[in-house]
Amino acid sequence: MDKETIWLIIGFLGQGLFSARFIVQWIKSEREKKSVFPIAFWYFSIGGGVTLLAYAVYRQDPVFIVGQLTGLFIYFRNLYFVVHERKNLNLE
């Protein structure tokens, strides 16, 4: 397997992880009968974002790189809020 094929696989893996977050969110929302973002949504967002960022760096695509970096900041920040909120709820 050549280098280009490996990077294409990495790119598709990242896209798959990134897309899976919507399936997770949809299933959780259907079960609760309201719009919900489970913690897995943020983990899939981060996993897909990191993988797609690696692919974007390999491709040397500055637009794609900036987009993924911006998204990753938001995903990590939202995950922080979820974890922080859970810690506060357990302290009360």
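From the N terminus on, the elements of the protein follow the order α-α-α, and the count is accordingly given as 3 helices and 0 strands. The model is a predicted one. Helix α1 covers residues 3–32 and helix α2 residues 39–59, while helix α3 takes in residues 62–91.

The overall dimensions come next. Taken along the principal axes, the box filled by the C-alpha atoms of the protein is roughly 55 × 25 × 20 Å. The radius of gyration of the protein is 16 Å, whereas a compact globule of 92 residues would have a value near 12 Å. Of these 92 residues, 28% count as buried. The protein exposes about 6,500 Å², and 67% of that area is supplied by carbon and sulfur atoms. Among contacts in the protein with a separation of 6 or more, 58% are accounted for by residues 24 or more positions apart. As for charge, the protein carries 10 positive and 7 negative side chains, and the centres of the two sets are 5 Å apart.

The aromatic side chains offer a way into the interior. A search of the whole structure yields 8 aromatic pairs. One of them joins Phe22 and Phe41, whose ring centres are 6.0 Å apart and whose planes stand at 75°; the pair is therefore edge-to-face, since an angle over 60 degrees places a pair in that class. Phe22 belongs to helix α1 and Phe41 to helix α2, so this pair ties together parts that are 19 residues apart in sequence. The two partners can also be described by their accessibility. Phe22 has a relative accessibility of 44% and so counts as partly exposed. Phe41, by contrast, is buried because its relative accessible area is 4%, which is under the cut-off of 20%.

Another aromatic pair is formed by Tyr80 and Phe81, with 5.9 Å from centre to centre and 55° between the planes, and this pair is tilted. Both of its members are partly exposed: Tyr80 has a relative accessible area of 42%, and Phe81 has one of 41%. Beyond individual pairs, one aromatic cluster is formed by Phe18, Phe22, Phe37, Phe41, Trp42 and Tyr75. The edge-to-face partners Phe22 and Phe41 are thus among the members of this cluster.

Attention may now turn to Gly49, a residue of helix α2. Gly49 is buried, with a relative accessible area of 0%. Leaving aside residues up to four places away in sequence, Gly49 touches Phe18, Gln68 and Leu72. One of these, Phe18, is also a member of the aromatic cluster. The C-alpha atom of Gly49 is separated by 8.4 Å from that of Leu17, a residue 32 positions away along the chain.

The contact with Gln68 leads on to helix α3, where Gln68 is found. At a relative accessibility of 10%, Gln68 counts as buried. When residues up to four places away in sequence are not counted, Gln68 touches Gly49, Leu52 and Leu53. Gly49 in helix α2 and Gln68 in helix α3 are therefore contact partners, because they have heavy atoms within 4.5 Å.

Note on methods:
Residues are numbered from 1 along each chain as its sequence is written. This is a predicted model: local features need pLDDT of at least 70, side-chain atom pairs count only at pLDDT 80 or more; totals for chains, interfaces and linings use all residues. Side-chain values use heavy atoms; hydrogens and water are left out. Helices (H or I, at least four residues) and strands (E, at least two) are DSSP runs, numbered from the N terminus. The radius of gyration is taken over C-alpha atoms; the globule rule is 2.2 Å times the number of residues to the power 0.38. Buried means under 20% relative accessible area, exposed over 50%, partly exposed in between (1.4 Å probe, protein chains only). Accessible areas come from the Shrake-Rupley method with a 1.4 Å probe; for residues, only the protein chains shown count as cover. Lys and Arg count as positive and Asp and Glu as negative; His and the chain ends are not counted. The place of a charge is taken as NZ of Lys, CZ of Arg, CG of Asp or CD of Glu. Rings of Phe, Tyr and Trp (its six-membered ring) pair if their centres lie within 6.5 Å; planes under 30 degrees apart count as stacked, over 60 as edge-to-face and the rest as tilted.
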